[in-house]
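Hello,

Here is the structure I promised to pass on to you. Please open it first, and then read on for a short tour of what turned up in it.

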Amino acid sequence: MIPELGHLALVLALALALLQGTLPLWSAARGDPVGMRLAVSGAVGQFVMVTLAFGALTWAYVASDFSVANVATNSHSAKPLIYKISGVWGNHEGSLLLWVWILAIFGAAVAGLGANLPLPFKARVLAVQGLIGAGFLAFVLFTSNPFLRLDPAPSDGNGLNPILQDPGLAMHPPMLYLGYVGLSTAFSFAMAALIEGRVDAAWARWLRPWVLVAWAALTFGIALGSWWAYYTLGWGGWWFWDPVENASFMPWLAATALLHSAVVVEKRDTLKAWTILLAILSFALSLLGTFLVRSGVLTSVHAFASDPTRGVFILALLVVAIGGAFAMFAWRAPMLRPGGSFAPISRESGLLLNNVLLATAVGTVLLGTLYPLFLDTVGGPKISVGPPYFDATFVPLMVPLLLAMPVGSLLAWKRGDLPGVLQRLRLAFLAALLAAGLALLLLGWQHLGAALGFGLALWLVLGALVDLAERIALFRVAPAQSLRRLRGLPRSALGVALAHAGVGLLVLGITGATALREERIAALAVGEATALGSVQVRLVEVHQEQGPNYVATVGEFQAERDGEEVHRIRSEKRFFPVEGMPTTKPGILTSPWADHYYVLGDQAADGRWAVRLYREPLVVWIWWGAAVTGLGGLVSLSDRRLRVGAPTPARRRLPVGEGMAA
Amino acid sequence: MRLRKKQRLYLVLGSLVLLGGAAALVLTALEQNVAFFVTPSQVAAREVPEARNFRIGGLVVAGSIVHDGDGVVRFRLTDTQQEVPVQYAGVLPDLFREGQGIVAQGELEPDGTFRAVEVLAKHDESYMPKEVVDSLKDAGVWQHDGSGVPSQ
């Protein structure tokens, strides 16, 4: 009964979304407030209906109702509760329902929190959200209905793929979708602005909190995914430039550019058409990502079994949404009046450089991701474009961007003083140079790249600190006054510094983990040891253990230096009888300096165990760096001038951050 | 107005330089770093790119997996027409087993052994890598329920 109610709720949601997507547009054109307010009711109603549907599917999973085909295929009664719940989105149908649910949440949030939006604009934003919702609800209902029944119902389910039985599944997809789908708001705001033919500072101010939420969620989502892929064996480590990873990374790059160009619109009333284009592009790349992941057209480590008709449906959605948006852009963008001009050396130019480099980076990643597909379609050879391509194109684009980052954020609007800024960054630059030199001395010339990477990381972190110090006039006024300025600083300024420093930490982690990684593959009998870096790793014992729904073969490793124990790590091979599948849990000991990552492999005929041992220096900073960057986004979001519900800009207590906050 | 024109000129020039640079980067990187995908039949017929990495996809032949003492695994890959011996030093992915479709990247040794540097199996046990499906289709043994696995 409950699954049928869920199905009914989805059908009602589709009807509401269609209503929300059409009537308010018509009413906004005619200036009819009743019809426009319908958009708000529609968005809230759609949210309630999709929530009911999602709740119904979750109930079917928790109650192990195997008469529902989706539950029977993907769940099992002996599974721990957390994996019954996260199993809801561990499959195609459920994950799309999650997608639609988050879309409905964003729609309702715009309806509920956007009290300061003029009614016609709000109606148009919600109408575009409604149209996106209608497209995806139709997709769920017609190609991927999660509520289909099985008759007769099996006595138990097939279980969830054991590799997915991991806390990562509970966190990574919802977070990633929050980001992907959150960008739909940017798209809707852009479309509404194009319909009205007006983009101004107020528009950019309305837009920014939504982009910030989506961007921060995407940052956390990608970082979580990277971490999950790192501790799961066979997924290519923390970053593999896999098509599915790229599919989430491209919207992130575009959203990063959007976040920066929206600042220019807000402060200087220029780069308007470009910002609109970026908003469209960000969501277009989200849709493309959904298409790539859900259609299975690309070979990926993370690919799931998929069905070509679904791919065609998403492709059609993609073509309609993106094609429509670009046509609208071509038609209306020339009407946008250009705003203020700026000198080649200015904050605007810095942000433009950021945008151009990020957009180019998106282009190269897109090309590398789609090129094999393109060649295959035109009947060319089958190829794969791997990490070397992306390393060779992405890194040279990012290095100038990162080098310029501390400089750009110190430049003044309109006309900047480059020598003055460089003067203020002098100490940071010297320190970075010194760090690079020191690293070179310690590591030797063969690690020149790593030394430069460490220098760059320090440059970014110090650059962010200098930015903060300049804002509070540290050492130029009395410390007490600096402290007062710090407290009066707009949150967005703190957010920028945090986000930029986080990128520095990220560079630190990437440099350490790629350039200084040590690896040892060996076959060890129990009691034998092998060298890894400065320690000897001994396989102390191997035994069997019983888990909740698996049997584990546990290998105990002990690292020794000069015969003394340094640490002990256990690695497991688990066998899941229900699914008939093994998984491997690497043993990982994390520290700020280096991770030790030990894997127990198969037993050879002579009784020795294949083992794979890694030392991954500084790798943990990759995720901490990304987390700090995402946190910067959240801190910015808490800025009172950006607060979604704030009807008017808050009165400023201190004149300090005025016009400087980015 | 003059300022705006100048500004636009800078922007266009800068973008052109950047795009040119990016295009050059992309072309050289594609030239050097693309891995071709071949089937076991193509390897047997020696239709493989010389002196560079490529990918090979197929099914793991039942009973062919041998774990050597020194952490090296040997097995054979088949598209049901031809078999290729593969050698891999390392720990195999969890989904690696007899009859499973996998993709390996590496180089062909002069003796005809494929030395893999990477062996990929997928997330999902019902998933078959697209290249493997295509190579089974080429061999004419692919069945739509994914059971084109003669050894099971």
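**What was found**

Let me start in chain B, where strands β6(B) and β7(B) form a hairpin with 5 residues between them. In the turn of this hairpin sits Gly112(B), which has a positive phi of about 90°. Please keep in mind throughout that this is a predicted model.

The two strands of the hairpin run antiparallel, with 6 bridges joining β6(B), residues 101-108, to β7(B). If you would like one pair to look at, Gly106(B) has Ala116(B) in β7(B) as its bridge partner.

β7(B), residues 114-120, also pairs with β5(B), residues 83-89, but here the sense is parallel and there are 3 bridges. One pair to look for is Val86(B), whose bridge partner in β7(B) is Phe114(B).

Now over to chain A. The domain assignment gives domain 1 as residues 1-162, domain 2 as 425-516 + 621-642, and domain 3 as 518-617. How far apart are the centres of domain 1 and domain 2 of chain A? Taken over C-alpha atoms, 41 Å separate them.

Chain A also has an open sheet of 4 strands in the order β2-β10-β9-β8, with antiparallel pairing. Its edge strands are β2(A), residues 518-524, and β8(A), residues 587-589, each of which pairs on one side only. On average, neighbouring strands of the sheet are turned by 15° against each other, with direction ignored. At the β8(A) edge, 3 bridges link this strand to β9(A), residues 594-603, in the antiparallel sense. Among the residues there, Gly587(A) stands opposite Tyr598(A) of β9(A).

Lastly, the nonpolar cores. In soluble globular proteins, nonpolar side chains tend to be buried together. Which residues have the most contacts inside the largest nonpolar core of this model? They are Val100(A), Ala186(A) and Val211(A), in a core of 239 residues. Helix α8 of chain A, residues 201-231, gives the largest share of this core, with 20 residues. A second, separate core has 5 residues, including Tyr83(A), Leu160(A), Ile163(A) and Leu169(A).

Val100(A) is a good place to zoom in. Leaving aside residues up to four places away in sequence, Val100(A) touches Val50(A), Gly133(A), Phe136(A), Leu137(A) and Val140(A).

Enjoy looking around, and write back with any questions.

Best wishes

How values were computed. Residues numbered from 1 in each chain as written. Chains lettered and ligands numbered in written order. Predicted model: local features only at pLDDT ≥ 70, side-chain atom pairs only at ≥ 80, totals over all residues. Core = buried A, V, L, I, M, F, W, Y, C linked by C-beta atoms within 7 Å. Buried ≥ 20, exposed ≤ 12 C-beta atoms within 10 Å, placed from the backbone. Contact = placed C-beta atoms within 7 Å. Pairing = 2+ DSSP bridges. Domains from an automatic or database assignment. Axes fitted to C-alpha atoms, helices over the stretch in contact; angles between N-to-C directions.
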